[in-house]
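Here is a short report on a predicted model. Keep the sequence and the coordinates open while reading.

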Amino acid sequence: MSSPLIELDHVSKRYPNGFLALEKVCLSLFPGEIHALLGENGAGKSTLMNILYGVHEPSEGGVLMGGRQVIHRRPADAIANGIGMVHQHFKLVAPFSVAENLALVARGDRRKAFRRHADIRAFMQRYGVDLDPAAIVGHLPLALQQRVEILKALVNDTRVLLLDEPSTILTPAEITALYATLRRICASGTAVAVVTHNVDEVLANADRYTILRRGKTNGSGLTHSCTPDELVERIVGRAVSSGTRLGQHRSGGAEQMRLSNIQLRPGSGSPGLHGINLTLAAREVVGVAGVEGNGQSELFAILAGELQPEGGEVVRSSDNVTLALVPQDRHHEGLSLDLPVSHNLLYPEIMRGAYRRAGLLDHKAIAARAVEMIAQSDIRTHSHASPARSLSGGNQQKIVVARALAQDASIIVVYQPTRGLDMAAAEAVLMRLAEAADAGTTVIIISSNIEELIRVSDRIVVMNGGRITGAVAGDEMSIERIGTLMTSGRAAQLAGGLHV
């Protein structure tokens with residue numbers, strides 16, 4: 001058996017505030033293998049990756065390469081030792097071309113190899129990636145932007161490739177394509193480590209796994225020797241059932257909002273909206289399915305009032321109809337990262353003038369309410385006063401969802417509610433959304449996760465090319481039927497758009 005390319009030797013990480021993120025964790029990454037790192041939100045997965053990549057230094061233990069300890073005080077040290085990383089939130093220069101983004105990170109003589117497009121294409125072909133070097137990165141769909149990030153991480157003779165939550169933005173077909181690329185990378189002797197929450201993805205694609213639970217190793221081994229149930233129980237500490245329909249006895253109520261023949265012209269990277277007709281009623285969950293980039297973000301913006309349609313109208317049943325939002329991009333739209341968790345949770349109420357005494361913020365009352373919400377939503381944070389930036393991506397998402405659910409709004413519009421959440425947290429969010437609908441709220445969920453939508457929705461509308469290509473409910477809500485509407489289905493449209 002070959003020796004590991006890199007190892008974590010009993011590594012612990014304690015932050016200045018006293019929070020112990022990792023405790024005596026061991027990990028070995030072998031050449032030619034895909035190693036999956038699993039765990040709940042806040043289990044320490046990203047901290048571990050950041051230690052390997054030189055973003056953080058361990059408080060105890062060490063990083064070994066070839067059996068010798070190495071010290072990575074910054075990412076440049078890790079890159080010099082052949083380590084590349086693809087972050088969950090991309091670090092691309094959007095106005096630059098693919099070639100320019102690659103040249104930016106190339107070191108020394110490697111930069112010369114990226115001056116000609118023919119050389120860049122040859123580099124891409126080694127990993128089965130077909131991109132136009134002249135394409136502007138900001139105009140590419142997310143799946144292709146991710147390919148650019150992977151190529152960036154491979155530019156400097158990488159021997160160890162780290163990927164933090166690479167599949168959360170991808171459709172099932174794109175996940176398959178991603179792992180085909182990772183297999184080609186492994187074929188050159190590179191070790192690949194992937195942080196993910198998806199157990200089925202791990203069993204289908206990874207060679208080894210390591211599970212973190214509350215900062216400690218809770219199992220490691222070969223994927224072919226374990227079952228999905230075994231992995232799930234080690235990740236969350238108990239069995240998690242995710243097959244039961246939620247809200248299956250619910251019936252809709254009075255109309256809350258109606259979209260009539262909504263039109264929006266196509267733009268750069270946007271298909272626009274074409275004849276969107278949609279009625280939203282109280283006490284129902286409406287799912288919106290579709291491959292990313294087919295008008296879902298434009299629909300969200302129209303519902304949220306961030307965009308005004310160029311044709312058609314949006315009508316609320318009364319002035320008392322209110323909206324709460326869970327945007328897709330939690331970093332730029334959902335959170336103020338440098339504000340504490342408490343202020344992020346209660347931001348709408350604070351802005352309306354609540355939690356004030358004599359004109360000043362009542363920090364004691366804010367803290368007390370925030371502690372309640374943190375416990376209710378199982379937000380893993382050292383303190384309600386910790387900045388949102390310090391939390392894992394999944395726990396940041398929990399803040400955004402908890403805030404929306406606490407607003408007692410007539411309509412909750414949720415975009416990718418469980419992206420970045422572990423299985424137990426995702427289940428809890430879906431149950432809370434179903435409970436909100438049971439209590440009379442209109443819930444509209446935009447998601448690329450078809451199984452998730454089928455579980456929680458009363459009906460599902462499908463978008464393709466900025467149009468609603470069909471609607472399904474009850475026994476018609478199958479992956480096969482929805483998948484057909486996602487990829488074709490335009491022949492089913494009526495003149496002027498479907499009314500759903």
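## Lys-24 and Arg-283: positive phi

Does Lys-24 count as buried, partly exposed or exposed? Lys-24 counts as partly exposed, at 49% relative accessibility. The cut-off for exposed is over 50%, so Lys-24 stays in the middle class. Lys-24 sits in strand E2. Its phi is near 50°, a positive value in a residue other than glycine.

Arg-283 also has a positive phi without being glycine, here near 60°. Most residues other than glycine have a negative phi. Arg-283 belongs to the loop between strand E12 (273-281) and strand E13 (284-289). Its relative accessible area is 32%, which makes Arg-283 partly exposed.

## The cavity

The whole structure was searched for cavities of 30 Å³ or more, and 1 was found. The largest cavity has a volume of about 40 Å³. Rolling a probe the size of a water molecule over the atoms shows where empty space is left.

Which residues line the largest cavity? They are Leu-27, Leu-29, His-35, Leu-37, Leu-48, Met-49, Leu-52, Leu-162 and Ala-193. Strand E2 (20-29), strand E3 and helix H1 (45-52) each supply at least two residues of this lining. H1 gives the most, with 3 residues.

## Two nonpolar cores

The largest nonpolar core has 49 residues. Leu-161, Leu-182 and Val-192 have the most contacts inside it. Take Leu-182 as an example. Beyond its neighbours within four places in sequence, Leu-182 is in contact with Ile-34, Leu-161, Leu-163, Val-192 and Val-194.

Another core, of 48 residues, lies apart from the largest one. Among its members are Ile-366, Val-400, Ala-404 and Leu-433. In soluble globular proteins, nonpolar side chains tend to be buried together.

## Helix H8

Helix H8 spans residues 228-236, and its buried residues are Leu-231, Val-232, Ile-235 and Val-236. These cover an arc of only 105° around the axis, so they are on the same side of H8.

What packs over that side? The cover includes strand E3 (34-39), helix H7 (199-205), strand E9 (208-213) and helix H15 (423-438). Just after H8 comes Gly-237, with a positive phi of about 85°.

## Helix H3 and Gln-146 in helix H5

Helix H3 covers residues 98-105. Val-98, Ala-99, Asn-101, Leu-102 and Ala-103 are buried in H3. Helix H4 (117-125) and helix H5 (142-154) are included in what covers them.

Gln-146 lies in H5. Is Gln-146 buried or exposed? Gln-146 counts as buried, at 1% relative accessibility. Setting aside residues up to four places away in sequence, Gln-146 touches Phe-90, Pro-166, Ile-169, Leu-170 and Leu-178. One of these partners, Ile-169, is 23 residues from Gln-146 along the chain. The C-alpha atoms of this pair are separated by 9.3 Å.

## Gln-416 in a loop

Gln-416 is placed in the loop between strand E18 (411-415) and H15. Gln-416 is buried, with a relative accessible area of 5%.

Which side chain makes a polar contact with the side chain of Gln-416? The partner is the side chain of Ser-448, at 3.3 Å. Outside its neighbours within four places in sequence, Gln-416 is in contact with Glu-292, Gln-328, Gln-397, Ile-446, Ser-447 and Ser-448.

## Leu-323 in strand E15

Leu-323 lies in strand E15, residues 323-326. Its relative accessible area is 19%. Buried means under 20%, so Leu-323 is buried.

Not counting neighbours within four places in sequence, the contacts of Leu-323 are Met-257, Leu-303, Ala-304, Arg-316, Gln-407, Ala-409, Ile-411 and Val-413. Leu-323 and Asp-408 are 85 residues apart in sequence. In space they are 8.9 Å apart, C-alpha to C-alpha.

How values were computed
Residues are numbered from 1 along each chain as its sequence is written. This is a predicted model: local features need pLDDT of at least 70, side-chain atom pairs count only at pLDDT 80 or more; totals for chains, interfaces and linings use all residues. Side-chain values use heavy atoms; hydrogens and water are left out. Buried means under 20% relative accessible area, exposed over 50%, partly exposed in between (1.4 Å probe, protein chains only). Helices (H or I, at least four residues) and strands (E, at least two) are DSSP runs, numbered from the N terminus. The arc is that of the directions from the helix axis to the C-beta atoms. Contact means heavy atoms within 4.5 Å. A polar contact is a pair of N or O atoms within 3.5 Å; within protein, one must be able to donate a hydrogen and the other to accept it, and residues adjacent in sequence count only if both atoms are side-chain atoms. A nonpolar core is a set of buried Ala, Val, Leu, Ile, Met, Phe, Trp, Tyr and Cys residues joined through side-chain atoms within 4.5 Å. On a 1 Å grid over the protein atoms alone, a cavity is a set of points where a 1.4 Å probe fits but cannot get out, and a pocket is an open set with protein on both sides within 12 Å along at least five of seven lines; lining residues have an atom within 4 Å of a point. Grid points are joined across faces, edges and corners, and a volume is the space filled by probe spheres set on the points.
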